[in-house]
Amino acid sequence: MKQVTVVYWSGTGNTELMAKAVAEGAKSAGATVKLLSVEDASPEEVLAADAIALGCPAMGDEVLEESFMDPFVEALEGQGIEGAALALFGSYDWGDGRWMREWEERITEHKAKVVGTLIIHNTPDEEGLAECRTLGEKLAAQ
Ligand SMILES: Cc1cc2nc3c(=O)[nH]c(=O)nc-3n(C[C@H](O)[C@H](O)[C@H](O)COP(=O)(O)O)c2cc1C
């Protein structure tokens, strides 16, 4: 059985809703799933998974949340994410998704395998949640 680990940071709950739906999708596709708030996650534990999803909204000026998620991504990169199957997701409001494009670029430079990226404007609706579940199913197939 595949292990999928979903790690997220969420200030007002939108990215958390996405994370739960990604986890649901992976579970429905037969994976064993860990859903962790980034504050509770360790890089070693996360890198042991067959596939990883990282969720973070656009914060600051089109950047990752700087207290927990950015240092966590840096720690993952430090431990080596070459070849790791990774999906990135998050909610945003007024921007054009730049934070996600830059995040994808960053992990691609570290030679992770990007399984998919998903951005949702503010709170995910039913359609958005379905997209999250589909991303989870894709992760379960890695
Ligand atoms: C401090 C702060 C900075 C933000 N910066 C951006 C931004 O640069 N671009 C953007 O599109 N949205 C920005 N937002 C909006 C959030 O990304 C948006 O509200 C998102 O839905 C929050 O997700 P969450 O509920 O998971 O925390 C910002 C919100 C806050 C509170």
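## A strand residue as a starting point

Ile 120 is found in strand β5, which covers residues 113-121, and, in this predicted model, Ile 120 counts as buried because its relative accessibility is 7%. The C-alpha atom of Ile 120 is separated by 11 Å from that of Leu 17, although these two residues stand 103 residues apart along the chain.

## The annotated domain

The UniProt record, in an unreviewed entry, places the feature "domain: Flavodoxin-like" at residues 4-140. Over residues 4-140, the chain is 42% helix and 24% strand, and the C-alpha atoms at the two ends of this stretch are 6 Å apart.

## The largest pocket

The largest pocket has a volume of about 260 Å³, and its lining is made up of 17 residues, with Pro 57, Ala 58, Met 59, Ser 91 and Tyr 92 lying nearest its centre. Two elements, α1 (14-28) and β4 (85-92), each supply at least two residues of this lining.

When the lining residues of the largest pocket are sorted by class, six are nonpolar, nine are polar and two are charged.

## An aromatic pair

A search of the whole structure finds one aromatic pair. This pair joins Tyr 92 and Trp 99, whose ring centres are 5.9 Å apart and whose planes meet at 40°, so the pair is described as tilted rather than stacked or edge-to-face.

Both partners are buried, since Tyr 92 has a relative accessibility of 18% and Trp 99 has a relative accessibility of 2%, while the cut-off for a buried residue is under 20%. Tyr 92 also appears among the residues nearest the centre of the largest pocket, which links the aromatic pair to the lining described above.

## Cysteines without a disulfide

A disulfide is a covalent bond between the sulfur atoms of two cysteines. In this structure the count of disulfides comes to zero, and Cys 56 is in no disulfide, as the nearest cysteine sulfur, which belongs to Cys 132, is 14 Å away. Seen from the other side, the sulfur of Cys 132 has its closest cysteine sulfur in Cys 56, and the separation of 14 Å is too far for a bond, because a disulfide calls for a pair of cysteine sulfur atoms within 2.5 Å.

As for their surroundings, Cys 56 counts as buried, with 0% relative accessibility, and Cys 132 is buried too, with a relative accessible area of 0%.

Key. Residues are numbered from 1 along each chain as its sequence is written. This is a predicted model: local features need pLDDT of at least 70, side-chain atom pairs count only at pLDDT 80 or more; totals for chains, interfaces and linings use all residues. Side-chain values use heavy atoms; hydrogens and water are left out. UniProt positions are given in the numbering used here, feature names are shortened, and annotations may be inferred rather than shown by experiment. Helices (H or I, at least four residues) and strands (E, at least two) are DSSP runs, numbered from the N terminus. On a 1 Å grid over the protein atoms alone, a cavity is a set of points where a 1.4 Å probe fits but cannot get out, and a pocket is an open set with protein on both sides within 12 Å along at least five of seven lines; lining residues have an atom within 4 Å of a point. Grid points are joined across faces, edges and corners, and a volume is the space filled by probe spheres set on the points. Ala, Val, Leu, Ile, Met, Phe, Trp, Tyr, Cys and Pro count as nonpolar, Asp, Glu, Lys and Arg as charged, and the others, Gly among them, as polar. Buried means under 20% relative accessible area, exposed over 50%, partly exposed in between (1.4 Å probe, protein chains only). Rings of Phe, Tyr and Trp (its six-membered ring) pair if their centres lie within 6.5 Å; planes under 30 degrees apart count as stacked, over 60 as edge-to-face and the rest as tilted.
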